[in-house]
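I opened the notebook to keep track of what I looked up, going from the whole chain to single side chains.

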Amino acid sequence: MSDFIWPSEEGKSKSLDEQDRAIVLATQAGLPLVSDPWTAVGEQVGMSGEEVLSRMQAMLERGVIRRIAAVPNHYRLGYVANGMTVWDVADADVERLGREIAAIEGVSHCYQRPRHLPHWPYNLFAMLHGRTREEVEQQAQVLRACLGEACHGHRILYSSRILKKTGLRLAAANLQTASTETDARG
């Protein structure tokens, strides 16, 4: 199951205090591969493992971070047919359908994007992985059935190579500078 990612969630503060910034910097390349990663991160940032876990959960709730999950290299696992399915679905139904698609096994991530008419009518994206293109196409048929009459068309865009395998990386110097500028402005 994946998260259905929306551009923003109203009413949730996404600001970081110094302790949250330190946790983000310590974990942005991944959690330590030890039996208690929260304590290991806590040792790096000067707090208890319980406090690190509590702060991570609070950042999840506020939408500062989307999820904490293992990210396997699907190519090394034999999943070499990777297709971004793009769907033209009714705007009135896209939120509901996106959440349903995101819950389907095999969808690694799912999100809404703006259309660029007349050349790009697609507004719902869902990534599928398979050992063959046929496997991905079978998975796409499951998504198509779920979308029903709200779907007006789709395509599958297959990956030809890995371009990026990391999320956003924050530079420690930039965080310090931004924090100092914010403090100076009050």
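**Overall layout**

I first read the protein chain along its sequence and noted the pattern β-α-α-α-β-α-β-β-α-β-α, with six helices and five strands in the chain. I keep in mind that this is a predicted model, and I write everything below with that in view.

Next I looked up how much of the chain is covered, and I found that 32% of the 186 residues count as buried. For the accessible surface of the protein chain I noted about 11,800 Å², with 52% of that area belonging to carbon and sulfur atoms. I then turned to contacts between residues at least 6 apart in sequence, and 69% of these join residues at least 24 apart.

**One residue in the first helix**

I picked Gln19, which lies in helix H1, a helix covering residues 18–27. Is Gln19 buried or exposed? I found Gln19 to be partly exposed, because its relative accessible area of 34% falls between the 20% limit for buried and the 50% limit for exposed. Leaving aside residues up to four places away in sequence, I listed Met47, Glu51 and Arg55 as the residues that Gln19 touches. I also checked the spacing of Gln19 and Arg55, which are 36 residues apart in sequence, while their C-alpha atoms are 8.6 Å apart in space.

**Aromatic rings**

I then searched for rings that pair, counting ring centres within 6.5 Å of each other, and the count came to three aromatic pairs. One of them joins Trp120 and Tyr122, an edge-to-face pair with 4.7 Å from centre to centre and 75° between the planes. The rings of Trp120 and Phe125 have centres 6.4 Å apart and planes at 45°, so I recorded this pair as tilted.

Which residues do the ring pairs link into a cluster? I wrote down Tyr111, Trp120, Tyr122 and Phe125. I looked up the cover of several of these and found Trp120 partly exposed, with a relative accessible area of 21%. Tyr122, in turn, counts as buried at 11% relative accessibility, and Phe125 is buried as well, with a relative accessible area of 12%. The limit for buried is under 20%, so I entered Trp120 at 21% as partly exposed.

**Charges over rings**

Last, I looked for charged side chains over ring faces, and I noted that Arg131 lies over the face of Tyr79, at 4.5 Å from the ring centre. I also noted Arg133, whose charged end sits over the ring of Tyr158, 4.0 Å from its centre.

Key: Residues numbered from 1 in each chain as written. Predicted model: local features only at pLDDT ≥ 70, side-chain atom pairs only at ≥ 80, totals over all residues. Heavy atoms only, no water. Phe/Tyr/Trp six-rings, centres within 6.5 Å; stacked < 30°, edge-to-face > 60°. Buried < 20%, exposed > 50% of the residue type's maximum accessible area, 1.4 Å probe, protein only. Lys NZ or Arg CZ within 6 Å of the ring centre and 35° of its normal. Helix = DSSP H or I, 4+ residues; strand = E, 2+ residues; numbered from the N terminus. Contact = heavy atoms within 4.5 Å. Areas by Shrake-Rupley, 256 points an atom, 1.4 Å probe, with all protein chains shown as cover.
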